[in-house]
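Colleague: I'd like a close look at one part of this model rather than a quick tour. Pick a starting point, work outwards from there, and tell me what the neighbours are doing.

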Amino acid sequence: MNSLFVLFAAVIPGAAAERWPLRAILARAVASPVRGGQLARGGFCYYRADMQSLTNKRILVGVTGSIAAYKAAELIRGLRDAGAEVRVAMTRGASEFITPMTLQALSGHPVHQKLLDTQAEAGMSHIELSRWADCVLVAPASADFIARLAQGRADDLLSAVCLARDVPLALAPAMNRQMWADAATEKNVRTLQQRGVLMFGPAAGEQACGEVGPGRMEEPAELMRRVAEVFETGLLAGKTVLITAGPTREAVDPVRYIGNRSSGKMGYALCAAAVEAGARVILVSGPSTLATPERVERIDVESAEQMLAAVLEHMDGVDIFIGAAAVADYRPRQSERHKIKKDQAHLTLELERTPDILATVKSRRPRVFCVGFAAETANLDAHARRKLEDKGIDMVAANWVGPAAPDTGGGFDSDTNALRLYWADGELDLPVASKDRLARQLVASIAQRYERRPPGRRQHHNIVELRGGTPRKT
Ligand code: CTP
């Protein structure tokens, strides 16, 4: 897809100062049963093996004033062990129960505490913090915090972040059983649930005050499992998705090739997102140093020709094909058998077109839902719509590259991007975000378009939009 030819190639300090000593948490965690999962990092934290969907997720953990605040330490450590990036926002009440220093050490980031603090806002404001997160989990969530959230208050950092977010929000309530049973709390919880807020718990049992009943915060391992579930949308359950990713290399001679600057990040992020959506995922990858996402079948290739052959070989049973690879448009007409010597003042390479993988798949398998990419330096709309028609595909995901994309990192090898999606009778903007988040949004859009294909090729499921842009299959 390019004309850009390139030739050739825990330590935990300050724990002793804690009101809830880390040693006690450690002892408790080690004593806890392993719940069908595995022990991580010398047995500090246990988590189930089905938590891959936490990998690379950005979780904002909110901590409010409750005796259960000490459990946030174990939760944060567990989330990080499972591969998530964690930031912490705590209320003033929370710092009466656990110090910010502990949570900073465990999360690896400064703890966010104040709204409109000039220094904090200059670093990561409440808006940036809410845009950073893939999911907000408030654990523990006190009765007072739940009440404030139900009222839509934004008078401290955590409540402002919750109000400003556009991602899933989950609360792990923790309070006395009578407070939980009170009609006011009940109404607040119902109000929040109607707005799409998720309630993780509370659990029932012996409480810190000595009473017994519902109101205990769920255990960290259970909270982790529930957060992992948030990302497991099931939108593509039962579907097989084949994705191409990375660049191709077109041999000039045994040591040189024509290649391009694609890193494969977007294609690999799409693989992970499709797995989370419940699909079986086959990846046909050009040369890339990226690790294969969990539960993905990967086939490595070098050239466009090899990529086409591998794709066609694995097309049986495929429902959705996503061409995220930066396939070279041209290759040398002839690849030299021996290394070319520099004995000429000028060298002319004659190039010929490579096969168009997307167009070939669509023409041979018209029932497969095909998605292509378009990286453009000008006239994004016109070029994207032309590709949609020329290749006869179902959706194009277009982005700016080069100088035209200063805010998105230029597309290639960047961790962020922005996309505009086009299909026959519509389009959708996906603003600048991490490639992981964009991949999830793109997969959700693909699932929606796939379900709305013309009758006869459609399967019947309802898709509902939840707040937080996380559609789920019902
Ligand atoms: N693609 C493909 N096979 C090729 C070339 C591209 O399958 N031989 C796919 C890419 O994976 C991507 C899309 O087609 O999904 C890109 O379309 P393409 O027409 O190659 O884009 P450009 O190279 O940008 O085209 P042009 O230079 O004509 O704008």
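Modeller: Let's start with one pair of residues: Thr 240 has Arg 280 in E14 as its bridge partner. Keep in mind that this is a predicted model. That pair belongs to the pairing of strand E11 (residues 240-245) with strand E14 (residues 280-285), which run parallel and are joined by six bridges.

Zoom out and you get the whole sheet. It's an open one of eight strands, and going across you'd read E15-E14-E11-E16-E19-E20-E21-E22, with mixed pairing. At the edges stand E15 (296-300) and E22 (426-434); each has a single partner strand, so each is left with one side that has no neighbour in the sheet. On average, and ignoring direction, neighbouring strands here are turned by 20 degrees against each other.

Now for what sits on the sheet. Helix H13 (residues 357-364) packs there, touching E11, E16 (320-323) and E19 (369-376), and its direction makes about 160 degrees with that of E19. H13 also has a helix partner: H12 (residues 304-313) packs with H13 at an angle of about 25 degrees, their axes 10 Å apart. With the cut-off for roughly parallel being under 35 degrees, H12 counts as roughly parallel to H13. Their crossing is right-handed. At the contact, H12 brings Ala 304, Met 307, Leu 308 and Val 311, which meet Ile 357, Thr 360 and Val 361 of H13.

What about the nonpolar interior? Nonpolar side chains tend to be buried together in soluble globular proteins. The largest nonpolar core in this model has 67 residues, and Ile 243, Leu 270, Ala 274 and Val 443 have the most contacts inside it. Helix H11 (residues 265-276) supplies the largest share of this core, nine residues. Take Leu 270: leaving out residues up to four places away in sequence, Leu 270 touches Ile 243, Ile 322, Ala 324, Ala 439, Leu 442 and Val 443. There is also a second, separate core, with 63 residues, including Ile 76, Ala 94, Ala 141 and Val 161.

For contrast, look at the five-stranded sheet. This one is open too, ordered E5-E4-E6-E7-E8, and its pairing is parallel. Here E5 and E8 (198-199) are the edge strands, each with a single partner, so one side of each has no neighbour in the sheet. E4 (residues 58-63) and E5 (residues 85-90) pair in the parallel sense over six bridges, with Leu 60 opposite Arg 87 in E5. Five of the six residues of E4 are buried, so the strand is largely enclosed by the rest of the structure. Across the way, E6 (residues 135-141) and E7 (residues 169-173) pair in the parallel sense over four bridges, and Val 136 stands opposite Leu 169 in E7.

Helices cover this sheet as well. H2 lies across E4, E5 and E6, running at about 180 degrees to E4. H3 packs on the sheet too, touching E4 and E5, and its direction makes about 165 degrees with that of E5. The buried residues of H3 are Thr 102, Leu 103, Ala 105, Leu 106 and Ser 107, and their cover includes E4, H2 and E5. Right after H3 comes Gly 108, with a positive phi near 80 degrees.

How values were computed
Residues numbered from 1 in each chain as written. Predicted model: local features only at pLDDT ≥ 70, side-chain atom pairs only at ≥ 80, totals over all residues. Core = buried A, V, L, I, M, F, W, Y, C linked by C-beta atoms within 7 Å. Buried ≥ 20, exposed ≤ 12 C-beta atoms within 10 Å, placed from the backbone. Helix = DSSP H or I, 4+ residues; strand = E, 2+ residues; numbered from the N terminus. Contact = placed C-beta atoms within 7 Å. Pairing = 2+ DSSP bridges. Axes fitted to C-alpha atoms, helices over the stretch in contact; angles between N-to-C directions. Parallel < 35°, antiparallel > 145°, perpendicular 65-115°, else oblique. Left-handed = near helix turned anticlockwise from the far one by under 90°.
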